[in-house]
Number of protein chains: 2
Amino acid sequence: MKKKKKAVVLLSGGLDSATCLAIARAKFDPTCLCIDYGQRHRVELQRAENVARSMKVRDVRVVKLDLRAIGGSALTADIAVPKNRSSKKIGSTGIPVTYVPARNTVFLGLAIGLCEVIGATDVFIGVNAVDYSGYPDCRPEFIRSFEKTAQLGTKAGVQGAKLKVHAPLSGLSKAEIIRLGLKHGVDYAQTHSCYDPVNGAACGRCDSCVLRRKGFEEAGVKDPTRYAT
Amino acid sequence: MKKKKKAVVLLSGGLDSATCLAIARAKFDPTCLCIDYGQRHRVELQRAENVARSMKVRDVRVVKLDLRAIGGSALTADIAVPKNRSSKKIGSTGIPVTYVPARNTVFLGLAIGLCEVIGATDVFIGVNAVDYSGYPDCRPEFIRSFEKTAQLGTKAGVQGAKLKVHAPLSGLSKAEIIRLGLKHGVDYAQTHSCYDPVNGAACGRCDSCVLRRKGFEEAGVKDPTRYAT
């Protein structure tokens, strides 16, 4: 069997990144990159490690980055997480306070750096621009621009390697992502989406929970999440 | 007096970033961003704080980021720092092992994120592409591309703010940077350039020391650095 090419997969422990990892590993040998950035829902990191283990990923890196020193987001500062917003409102009424300033620029930078170290040229990120919160750094035009910047700003890039950022979920609805993940064997019970967990259980009311619940409903699949409400 | 606009200045504690800060504060109210990334020459962080204090900067942020979990550089892994290379060789024989994968992509990402939080649109970075080590992420084409990516990947950018990355030292020789810094009142005795310090003193032999020494010589200015050799 031909040896698979290496790739770096950004893994948060959420539904999207777990699906993205399952897609990536069908064609690549994944190294997972998890970022411990001081997120309110730090429980997702343990879930990320569980997801990676269940998919038999051999190389999982956890990088600590103290984004609380920068703040400015409900996920990294003392700002309330919005609750009980309708799924129609999410993503259509401006960028919410859960936006973490320039997060994907930083995370993709770290992923591209790790690519150089392990000799990979491919990064996978589970961004989605359909059932999403309207974060600017989840949109395809950002991803394409980042790819060009990485090409110019890395040793690998200037030496001729073609760096590629894959965003395979970009145009899919949450229901489509779930169906695709199930085909690839994702166990969604292991994933965590909630921004504001209550004793480890999902709050059921933040934007991330609302989009997740709607996704399972629309996919006609039982939602394995333990919700507090 | 008109209130100055805010700007974020990436400050390492080195000669270039100290000069860059001095230039920035002539027109802007600077917030300094220092990154504690597990660098071998961690002593530079204390120097950065001293430099910022001497220039009366009120807001200095130190962000911890464990790049040792990624490694791949003589500055963040157990790889020897090259010594005794001639200044002609530095920058002309490929990218040296002191290159930190995608470092400026990550650092600029953090700086742009901080801009959004403090309500600034300008970032200053002391990159230089003349007397430098040949790092790809110090070149003007990278900086311009990053600026475009930041515009697309941030809340501030998509809401219409014009984000700008200033690299005022980009086309200057080290001697020109030193002369410019002295005009702006930089005390170079406070700065630290060495990649591999010996008990706090500069080694005098790494690429960074070689370029610094040559800069002071060419500028005809006494080098205030304490060298071990």
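Which residue is the bridge partner of Ala7(A) in β2(A)? The model is predicted, and in it that partner is Pro30(A). The pair belongs to a parallel arrangement: six bridges join β1(A), residues 5–10, to β2(A), residues 28–36. Between these strands the chain passes through helix α1(A), residues 15–27. The resulting β-α-β crossover is right-handed.

Strand β1(A) also pairs with β4(A), residues 122–124. Two bridges join them, and they too run parallel. Here Val8(A) stands opposite Val123(A).

Now turn to chain B and its helix α7(B), residues 207–219. How far apart are its end C-alpha atoms? They are 18 Å apart. The helix has 13 residues, so at 1.5 Å a residue it should span 18 Å, and the two values agree. Its buried residues are Asp207(B), Ser208(B), Cys209(B), Val210(B), Leu211(B), Arg212(B) and Gly215(B). They pack against two helices of chain B, α1 (15–27) and α6 (174–183). After α7(B) comes Gly220(B). The phi of Gly220(B) is positive, near 70°.

Finally, look at where the chains meet. Chain A and chain B each bring 39 residues to the contact. On the side of chain B, the elements giving two or more residues are β3 (59–64), α3 (103–118), α4 (140–153) and α5 (155–158). Helix α3(B) gives the most, with ten residues. By class, this side of chain B has 20 nonpolar, eleven polar and eight charged residues.

Terms used. Residues numbered from 1 in each chain as written. Chains lettered and ligands numbered in written order. Predicted model: local features only at pLDDT ≥ 70, side-chain atom pairs only at ≥ 80, totals over all residues. Helix = DSSP H or I, 4+ residues; strand = E, 2+ residues; numbered from the N terminus. Expected span 1.5 Å × (residues − 1). Buried ≥ 20, exposed ≤ 12 C-beta atoms within 10 Å, placed from the backbone. Contact = placed C-beta atoms within 7 Å. Nonpolar A, V, L, I, M, F, W, Y, C, P; charged D, E, K, R; others polar. Pairing = 2+ DSSP bridges. Right-handed = clockwise from strand over helix to strand, strands pointing away.
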